[in-house]
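Please work through the exercises below with the sequence and the structure at hand. Each one sets a task and is followed by a solution in steps.

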Amino acid sequence: MAQSFLEQARVLDFIVHLQTRHTVYAPHRRGQRSFAFEKTSDPAAVELDYPRVLGSVKKYFLPPRETLMDFDLKTDTATAPQVEPVNAVFLGVHSYDLAAVKRLDHNFLTGKPERNYLVRRQGARFIGVSYVPDKFHFAGSVGIDPYDMTGSDVFLTRHPDGWIVDVLTGEGAALLQGFALPPHALPKPKREHFTQHIYVPQDSLGRILEASYDHPVWNETARSCLSCGTCNLVCPTCYCFNVEDQVAVTGDSGSRERSWDGCMLRGFTEVAGGEVFREKSAARQRHRIYRKFKYLSDATGQPWCVGCGRCTAACTAGISIVDIVNRLIRDAEREEKITA
Ligand code: SF4
Ligand code: SF4
């Protein structure tokens, strides 16, 4: 498809162009080192060169908390709040977060399609941007390149003087309509290398995890893990939630609320009757890693981790998903050599 060039000096004009036609969500700086996706009011506050946003665009399709229905026992009625399509442009999304949206789509389409998520997803258009991998990214190990344009309607690749613009869909072409850009035909600059790697291909990883169920790394990690659940909450592919009824003091009305939950939290594993089926933090950590690299991968053929590095960057205990997985790989290889 067509390739053109957006000079750095015209980026603000480009954002204004988008804003006059659409609601635009984009990365904004929050504090010294943090970035967040927010609705854009001031184009100058948008940051297209950023390492990662704390939370991904997931929050716009699966809000941290939402009301599923209001009920009234006096009239024996229940009403579901109106859910609206997001109908917005997401500017500046990294390739791993676009891959995460695809995985969420799969989750909410498979089995009984989940209406609220799918309604909100409607009208979302994505303008991806390339990024320079930092000390936490390892998306290359799960097959997602910083220049990967999959899922984007338009993709912006960093160039010393601005951005190379790839238009990938008809919706992307519509976003650029009325904003003239000169054509660009030169090759893209070489991308920077990842410094973090998982050292075996995904198809071997499932086998290694299967053999690592009783590995000491789970207990060792549990000694420093605070069971805070941050690694779940920042993950762009985690989609587990809790549903609770909030009942009025009169007991005859209330609402059914859904909120994000996470497998690292003890309460998540508690079921009716008070039984906790993953009491130990070690078992919860193992489950988290197996969800990312085995259970869902076995079912779908692709890892459910997109290598964003958020869980490691946000963990106050310094627990690294890459270190855990590489330790399992190393020990499995050593074991194979010993038993060979
Ligand atoms: S963020 Fe770190 S400390 Fe918190 S639950 Fe996850 S691994 Fe444990
Ligand atoms: S498991 Fe960690 S690195 Fe993988 S997608 Fe989730 S937050 Fe990102």
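Helices, taken as DSSP runs of H or I with at least four residues, and strands, taken as runs of E with at least two, are numbered from the N terminus. The model used throughout is a predicted one.

**Exercise 1. Place Leu328 in the fold and decide whether it is buried or exposed.**

Step 1. By the numbering of helices just described, Leu328 belongs to helix α11, which covers residues 321–339.

Step 2. A residue counts as buried if 20 or more other C-beta atoms lie within 10 Å of its own, as exposed if there are 12 or fewer, and as partly exposed in between. Leu328 has 22 other C-beta atoms within 10 Å, and it is therefore buried.

Step 3. When neighbours within four places in sequence are left aside, the residues in contact with Leu328 are Ile208, Leu209, Ser212, His215 and Val217.

Step 4. His94 makes a useful reference point, since it is 234 residues away from Leu328 along the chain, and the C-alpha atoms of these two residues are separated by 28 Å.

**Exercise 2. Describe the overall build of the protein chain and state how its radius of gyration fits the globule rule.**

Step 1. The secondary structure of the protein chain is made up of 11 helices and 11 strands.

Step 2. The radius of gyration is 22 Å, which is close to the 20 Å given by the globule rule for 340 residues, so the protein chain is as compact as a globular protein of that length.

Step 3. Along the principal axes, the C-alpha atoms of the protein chain fill a box of roughly 70 × 65 × 40 Å.

Step 4. Of the 340 residues, 34% count as buried, and among the contacts with a separation of 6 or more, 71% are between residues 24 or more positions apart.

**Exercise 3. Find the domains and describe the contact between them.**

Step 1. The protein chain is divided into domain 1, residues 3–176, and domain 2, residues 202–339, and the C-alpha centres of domain 1 and domain 2 lie 25 Å apart.

Step 2. Domain 1 gives 32 residues to the contact, while domain 2 gives 27 residues.

Step 3. On the side of domain 1 that touches domain 2, β4 (65–72) and α3 (95–109) each supply at least two residues, and the residues of that side divide into 16 nonpolar, seven polar and nine charged.

**Exercise 4. Work out how helices α6 and α9 are oriented towards each other.**

Step 1. Two packed helices are described by the angle between their axes and by the distance between those axes.

Step 2. Helix α6, residues 202–210, and helix α9, residues 281–300, pack at an angle of about 110 degrees, and their axes are 9 Å apart.

Step 3. Angles of 65 to 115 degrees count as roughly perpendicular, and α6 and α9 are therefore roughly perpendicular to each other.

Step 4. From α6, the residues Gln202, Leu205, Gly206, Leu209 and Glu210 meet Tyr290, Phe293, Lys294, Ser297 and Asp298 of α9, and the residues of this contact divide into four nonpolar, three polar and three charged.

Step 5. Ser204 also lies in helix α6, and with 13 other C-beta atoms within 10 Å it is partly exposed.

**Exercise 5. Examine the backbone at Asn87 and at Ser227, and say where each residue is found.**

Step 1. Most residues other than glycine have a negative phi.

Step 2. Asn87, found in the loop between β5 (77–79) and β6 (88–93), has a positive phi near 45 degrees. With 12 C-beta neighbours inside 10 Å, Asn87 counts as exposed.

Step 3. Ser227, in the loop between α7 (217–224) and α8 (230–233), has a positive phi of about 50 degrees although it is not a glycine. Ser227 is partly exposed, with 16 other C-beta atoms within 10 Å.

**Exercise 6. Decide whether Arg52 is buried or exposed, and list its contacts.**

Step 1. Arg52 has its place in the loop between β3 (34–39) and α2 (58–61).

Step 2. The count for Arg52 is 23 C-beta neighbours inside 10 Å, so this residue is buried.

Step 3. Apart from neighbours within four places in sequence, Arg52 is in contact with Phe35, Cys308, Gly309 and Arg310.

Technical notes. Residues are numbered from 1 along each chain as its sequence is written. Chains are lettered from A and ligands numbered from 1 in the order in which they are written. This is a predicted model: local features need pLDDT of at least 70, side-chain atom pairs count only at pLDDT 80 or more; totals for chains, interfaces and linings use all residues. The radius of gyration is taken over C-alpha atoms; the globule rule is 2.2 Å times the number of residues to the power 0.38. Two residues are in contact if their C-beta atoms, placed from the backbone, lie within 7 Å. Domain bounds come from an automatic or database domain assignment. Ala, Val, Leu, Ile, Met, Phe, Trp, Tyr, Cys and Pro count as nonpolar, Asp, Glu, Lys and Arg as charged, and the others, Gly among them, as polar. Axes are lines fitted to C-alpha atoms, for helices over the stretch in contact, and angles run from 0 to 180 degrees between N-to-C directions. Angles under 35 degrees count as roughly parallel, over 145 as roughly antiparallel, 65 to 115 as roughly perpendicular and the rest as oblique.
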